[in-house]
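Reader: I am new to this structure. Please take me through its empty spaces, with some words on the chain around them.

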Amino acid sequence: MFKKILIANRGEIAMRVIRTCKEMGIKTVAVYSTADAESLHVRFADEAVCIGPAPSSESYLKMSNIIAAAEITNADAIHPGYGFLSENAKFSRICEEHDIKFIGASAEMIEKMGDKATAKSTMIEAGVPCVPGSEGIIPDFETCLKVAKETGYPVMLKASAGGGGKGMRAVWKEEDLKNAWESARQESKAAFGNDDMYMEKLIEEPRHIEIQVVGDSSGRACHLSERDCSVQRRHQKLTEETPSPFMTDELRNKMGDAAIKAAEYIKYEGAGTVEFLVDKHRNFYFMEMNTRIQVEHPITEQVVDYDLIREQILVAAGVPISGKNYYPQLHSIECRINAEDPYKDFRPSPGKITNLHLPGGHGVRVDTHVYSGYTIPPNYDSMIAKLITTAQTREEAINKMKRALDEFVVEGIKTTVPFHRQLMDHPDYVSGNYTTKFMENFEMEEPKEN
């Protein structure tokens, strides 16, 4: 087992990894930028190393600084969390070259699954259902036009190196294709330094449902059932739940089998997530694979009583998985609490938290790195906490979430707590009748005057 793990991340996920390491008797090293000197992960790790100034390109993305921090502290493994370098094949390879275990996917696996066009062709080979469309990268507009005709409108143009909704364009008729092709490529080039595009059939009324998988070094994989991530804004998830209110036992088994097939085909090692689009007829199609821990992993942990970070560490140390699949015994919902103003188009709201009260009680979990007096820097993702409620039924989990949100007090900045509170009362959400288009018709009710 590892003696010391460096956490190449910040915020709540760094705290999350530190907690499990402490429970396993493993020493921890926090890395931090100058903007994060007062963050809790710095305070709770056994050691902490400053790796650069506030911009992530000069700190959390600076591979040489992170490797140097691991070497001077004698860390024998690096946990990348999510985001930053967690799905960076080059970083995974550099760790290996320096004899430091990367607690995540190998460079080869990341390369296979990180590029969406390559991932799709790999999954077609594996026999996993994929959305009809182009076979790999589209070389030019003439081919794009041909593929669109063969696939049938509406179609979705997607950046091969994409993420966060950048480089994506829905096209409903042929005369709009040229503009969409050019603007998507420009956006992708600016965001990722790569303008490779591929195309898929646009799935109408889709739900975004993902399957959590874990694989070990022997090539075996198991699944831990699904998470419904359909409530999104600009392709960014806002809340997630498990089990999905749209799920049936038959569909869960089919999607679970497909996810295991995907993981075992590439001999996937570690915790990962196979993401699917599911249409209104419950046909499902592979979308992408995230070769890392997900933001929303706590709800899976809550319903199957399973520490996914611990399992990541064990698998990385060569411990085989049990091989059995896990099914939800409870219902769990996660709300991402962001430092944003939901009344002003979710405008970022960095600044100092002057007062903080976190909810508690039975079935309530809060993963966070903030505290009263903490200043949220403007340099990073705006998420400041994850609020998770777990109960016997979905109705109870929603009622528990309402109560927890009412208890959640953050002063000094704006947060998305009021949005989530209104969401929990929305009839379509309460009935489970929502798709990835849900937020297009959601409007915040103005706060009532006291």
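Author: What follows covers the whole chain, then its cavities, one pocket, a tyrosine and a helix.

The model is predicted. Start with the chain as a whole. The protein chain has 14 helices and 22 strands. Its C-alpha atoms fill a box of roughly 60 × 60 × 45 Å along the principal axes. Is that in line with a compact globule? For 450 residues, such a globule would have a radius of gyration near 22 Å, and the protein chain has 21 Å, so the two agree. Of the 450 residues, 58% are buried. Contacts reach far along the sequence too. Among contacts in the protein chain with a separation of 6 or more, 66% join residues 24 or more positions apart. The accessible surface of the protein chain comes to about 18900 Å². Carbon and sulfur atoms hold 46% of that surface.

Now the enclosed spaces. A search of the whole structure finds 2 cavities of 30 Å³ or more. The largest cavity holds about 40 Å³ of space. Its lining includes Lys 101, Phe 102, Ile 103 and Gly 104. Glu 269, Gly 270 and Ala 271 are also among the lining residues, as are Gln 312, Val 315 and Ala 316. Strand E5 (101-102), strand E12 (270-278) and helix H11 (308-316) each give two or more residues to this lining. H11 gives the most, with 3 residues. By type, the lining of the largest cavity divides into 5 nonpolar, 3 polar and 2 charged residues.

The second largest cavity has a volume of about 40 Å³. Arg 10, His 369, Ile 376, Pro 377, Asp 381, Met 383 and Ile 384 line it. Here the division is 4 nonpolar, 1 polar and 2 charged.

One of these lining residues, Met 383, leads on to Tyr 82, which touches Met 383. Tyr 82 sits in the loop between strand E4 (77-79) and helix H4 (89-97). Is Tyr 82 buried or exposed? Its relative accessibility is 14%, so Tyr 82 counts as buried; the cut-off for buried is under 20%. Leaving aside residues up to four places away in sequence, Tyr 82 also touches Asn 9, Glu 12 and Ile 13. Arg 292, Ile 293, Gln 294 and Val 295 are touched by Tyr 82 as well. Take Ile 13 as an example. Tyr 82 and Ile 13 are 69 residues apart in sequence, yet 7.6 Å apart in space, C-alpha to C-alpha.

Next, an open space. The second largest pocket holds about 280 Å³. Its lining has 14 residues. Phe 408, Val 410, Thr 415, Val 417 and Pro 418 lie nearest the centre of this pocket. Helix H12 (394-407), strand E22 (409-411) and helix H13 (417-423) each supply at least two residues of the lining. H13 gives the most, with 3 residues. The lining of this pocket divides into 9 nonpolar, 1 polar and 4 charged residues.

Last, helix H10, residues 297-304. H10 is largely enclosed by the rest of the structure, because 7 of its 8 residues are buried. The buried ones are His 297, Pro 298, Ile 299, Thr 300, Glu 301, Val 303 and Val 304. Just after H10, Asp 305 takes a positive phi of about 55 degrees.

Methods: Residues numbered from 1 in each chain as written. Predicted model: local features only at pLDDT ≥ 70, side-chain atom pairs only at ≥ 80, totals over all residues. Heavy atoms only, no water. 1 Å grid on protein atoms, 1.4 Å probe; cavity = no way out; pocket = protein on both sides within 12 Å on 5 of 7 lines; lining within 4 Å. Points joined across faces, edges and corners; volume = space filled by probe spheres on them. Helix = DSSP H or I, 4+ residues; strand = E, 2+ residues; numbered from the N terminus. Nonpolar A, V, L, I, M, F, W, Y, C, P; charged D, E, K, R; others polar. Buried < 20%, exposed > 50% of the residue type's maximum accessible area, 1.4 Å probe, protein only. Rg over C-alpha atoms; globule rule 2.2 N^0.38 Å. Contact = heavy atoms within 4.5 Å. Areas by Shrake-Rupley, 256 points an atom, 1.4 Å probe, with all protein chains shown as cover.
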